[in-house]
Amino acid sequence: VSPQFKSINKGRKTNIIDSMLRMLEQYSSNLEDLIRERTEELEIEKQKTDKLLTQMLPPSVAEALKMGTPVEPEYFEEVTLYFSDIVGFTTISAMSEPIEVVDLLNDLYTLFDAIIGSHDVYKVETIGDAYMVASGLPKRNGNRHAGEIANMSLDILSSVGTFKMRHMPEVPVRIRIGLHSG
């Protein structure tokens, strides 16, 4: 038996075949653990991707994209849209650090997101200080869409009255709201 083999077995007298089998079993076990770990990591990443996809797109569109099926355009007879932006946002931004602007938008839209959760509405988009919501799509809700958006708008307006910017708590935040039904 070679000196290298003895050093691997720490001086024990063993059969070379038994040692090779033991090493192969250990290698196989390590591979199984590694595969299990990677599979768990992949599943976590898949869940994150699915969550992000459903936040960005209506559930029916997200499912179609995941299945690889074409997404057919859909016609909605009646919907109501909500648009809002922050009055004086350009001035506020000019007087703020970039991270302060990010915090302002994050805080305000987290508040808005909590409010829209209790209404039959769908958040379409946020771009900069613009916030857009629809009712009547992607789930049709008969003639309730205008009322849902109007009530949501009043709730948002009410919450903005007590909202304070972290970095400029003395400056009131005002928003401009527009609605359209059709």
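UniProt positions follow the numbering used here, with feature names shortened, and such annotations may be inferred rather than shown by experiment. The model in all these views is a predicted one.

**View 1. The coiled-coil stretch from the UniProt record.** An unreviewed UniProt entry puts a "coiled-coil region" at residues 17-44. In the predicted model that span is 100% helix and 0% strand. Go from one end to the other, C-alpha to C-alpha, and you cover 41 Å. Helix 2 takes in residues 16-56, and threonine 39 is one of the residues found in helix 2. Is threonine 39 buried, exposed or partly exposed? With 47% relative accessibility, threonine 39 counts as partly exposed. Arginine 166 is 127 residues away from threonine 39 along the chain, and their C-alpha atoms sit 42 Å apart.

**View 2. Two domains and the distance between their centres.** The chain splits into domain 1 (7-67) and domain 2 (80-181). Taken over C-alpha atoms, the domain centres are 43 Å apart. For a residue-level feel, try leucine 108 and serine 29: 79 residues separate them along the chain, and 51 Å separate their C-alpha atoms. Leucine 108 belongs to helix 5 and is buried, at a relative accessible area of 0%.

**View 3. The annotated guanylate cyclase domain.** The UniProt record, again an unreviewed entry, gives "domain: Guanylate cyclase" for residues 80-182. Helix makes up 40% of this span and strand 25%. How far apart are the end C-alpha atoms of residues 80-182? They are 6 Å apart. Glycine 182 can also be paired with glycine 117: the two are 65 residues apart in sequence and 23 Å apart in space, C-alpha to C-alpha. Glycine 117 sits in the loop that runs between helix 5 (98-116) and strand 2 (122-127). Its relative accessible area is 64%, over the 50% cut-off, so glycine 117 counts as exposed.

**View 4. The largest pocket, between the domains.** This pocket has a volume of about 190 Å³. Why does the largest pocket lie between domain 1 and domain 2? Both domain 1 (7-67) and domain 2 (80-181) give residues to its lining, so that is where the pocket falls. Helix 3 (residues 59-67) gives the most to the lining, with 3 residues. Look for Pro58, Ser60, Val61 and Ala64 among the lining residues, along with Val71, Glu72, Pro73, Glu74 and Phe76. Tyr122, Leu137 and Pro138 are also in the lining. By type, the lining comes out as 9 nonpolar, 1 polar and 2 charged residues.

**View 5. A cis peptide bond in the loop after strand 3.** Most peptide bonds are trans. Leucine 137 and proline 138, however, are joined by a cis peptide bond, with omega at about -10 degrees. Leu137 and Pro138 are both part of the lining of the largest pocket. Proline 138 is placed in the loop between strand 3 and helix 6.

**View 6. Asparagine 141 and its aspartate contact.** Asparagine 141 is in the loop between strand 3 (130-135) and helix 6 (145-160). What does the side chain of asparagine 141 make a polar contact with? It contacts the side chain of aspartate 120, at 3.0 Å. Asparagine 141 has a relative accessible area of 8%, under the 20% cut-off, so this loop residue counts as buried.

Key: Residues numbered from 1 in each chain as written. Predicted model: local features only at pLDDT ≥ 70, side-chain atom pairs only at ≥ 80, totals over all residues. Heavy atoms only, no water. 1 Å grid on protein atoms, 1.4 Å probe; cavity = no way out; pocket = protein on both sides within 12 Å on 5 of 7 lines; lining within 4 Å. Points joined across faces, edges and corners; volume = space filled by probe spheres on them. Helix = DSSP H or I, 4+ residues; strand = E, 2+ residues; numbered from the N terminus. Nonpolar A, V, L, I, M, F, W, Y, C, P; charged D, E, K, R; others polar. Domains from an automatic or database assignment. Buried < 20%, exposed > 50% of the residue type's maximum accessible area, 1.4 Å probe, protein only. Polar contact = N/O pair within 3.5 Å; in protein donor to acceptor, adjacent residues only side chain to side chain.
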